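Thanks, everyone, for making the time this morning. I would like to walk you through one structure, beginning with its charged side chains and then moving outwards to the way its helices are arranged.

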Amino acid sequence: MGKFLRMRQVIALAVALTLAAPIAALADGKKHFKEGLKYEDNRQWDQAAREFALAVSESPSNVEYQLHLQRALVSAAIML
């Protein structure tokens with residue numbers, strides 16, 4: 001049950017960061033995706049999830065962005 005709660009917290013944090021970022025409407029999805037990949041390589045899952053969430057907000061139909069976001073969220077939850 002504790003793992004489920006942590007995962008919900010990480011997902012809530014990612015959603016809050018996405019909604020709170022005022023520059024998300026002006027940013028390029030590819031830029032955020034590339035930044036997310038850098039964080040993903042360094043296993044900084046919370047930072048990667050934030051960047052992927054911004055990329056998904058720019059291009060919601062991009063399946064690759066969504067896949068990386070889900071992976072980062074799950075990995076961040078596991079790390080907690």
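Glu51 counts as buried, because its relative accessibility is 9% and the cut-off for buried is under 20%. Please keep in mind throughout that this is a predicted model. The partner of Glu51 in a salt bridge is Arg50, with the closest N and O atoms 3.6 Å apart, and Arg50, at 29% relative accessibility, counts as partly exposed.

How many salt bridges does a search of the whole structure find? The search finds three, and the pair I have just described is one of them.

Another of these salt bridges is formed by the side chains of Lys38 and Glu35, at 3.5 Å from N to O. Lys38 and Glu35 are three residues apart in helix α2, and so they are separated by about one helical turn. As for their surroundings, Lys38 is exposed, with a relative accessible area of 51%, whereas Glu35, at 28% relative accessibility, counts as partly exposed.

The salt bridge on which I would like to spend a little longer joins the side chains of Arg71 and Glu40, at 3.3 Å from N to O. This pair links distant parts of the chain, since Arg71 belongs to helix α4, residues 63–79, while Glu40 belongs to helix α2, and the two are 31 residues apart. Is Glu40 buried or exposed? At 8% relative accessibility, Glu40 counts as buried, whereas Arg71 is partly exposed, with a relative accessible area of 47%. The two side chains also make a polar contact, again at 3.3 Å.

Let me stay with Glu40 for a moment, and place it in its setting. Glu40 is found in helix α2, which covers residues 29–41, and if we leave aside its neighbours within four places in sequence, Glu40 is in contact with Trp45, Ala48, Phe52, His68 and Arg71.

That brings me to the packing of the helices. Two packed helices are described by the angle between their axes and the distance between the axes. For α2 and α4, the angle is about 35° and the axes lie 11 Å apart, and α2 passes α4 in a left-handed crossing. On the α2 side, this contact is made by Gly29, Lys30, Phe33, Leu37 and Glu40, and on the α4 side by Glu64, Tyr65, His68 and Arg71, so that both members of the salt bridge between Arg71 and Glu40 take part in it.

Which helix packs against α4 at an angle of about 155°? The helix is α3, residues 45–58, and the axes of α3 and α4 are 8 Å apart. The two are therefore roughly antiparallel to each other, an angle over 145 degrees being what that term requires. Here too the crossing is left-handed, with α3 passing α4. The residues that meet include Trp45, Ala48, Phe52 and Val56 in α3, and His68, Leu69, Arg71 and Met79 in α4.

Finally, a few words on the chain as a whole. The protein chain has four helices and zero strands, and its elements run α-α-α-α from the N terminus on. Of its 80 residues, 34% count as buried. Among contacts between residues at least 6 apart in sequence, 58% join residues at least 24 apart.

Technical notes: Residues are numbered from 1 along each chain as its sequence is written. This is a predicted model: local features need pLDDT of at least 70, side-chain atom pairs count only at pLDDT 80 or more; totals for chains, interfaces and linings use all residues. Side-chain values use heavy atoms; hydrogens and water are left out. A polar contact is a pair of N or O atoms within 3.5 Å; within protein, one must be able to donate a hydrogen and the other to accept it, and residues adjacent in sequence count only if both atoms are side-chain atoms. Contact means heavy atoms within 4.5 Å. A salt bridge is a side-chain nitrogen of Lys or Arg within 4 Å of a carboxyl oxygen of Asp or Glu. Buried means under 20% relative accessible area, exposed over 50%, partly exposed in between (1.4 Å probe, protein chains only). Axes are lines fitted to C-alpha atoms, for helices over the stretch in contact, and angles run from 0 to 180 degrees between N-to-C directions. Angles under 35 degrees count as roughly parallel, over 145 as roughly antiparallel, 65 to 115 as roughly perpendicular and the rest as oblique. A crossing is left-handed if the near helix is turned anticlockwise from the far one by less than a right angle, and right-handed if clockwise.
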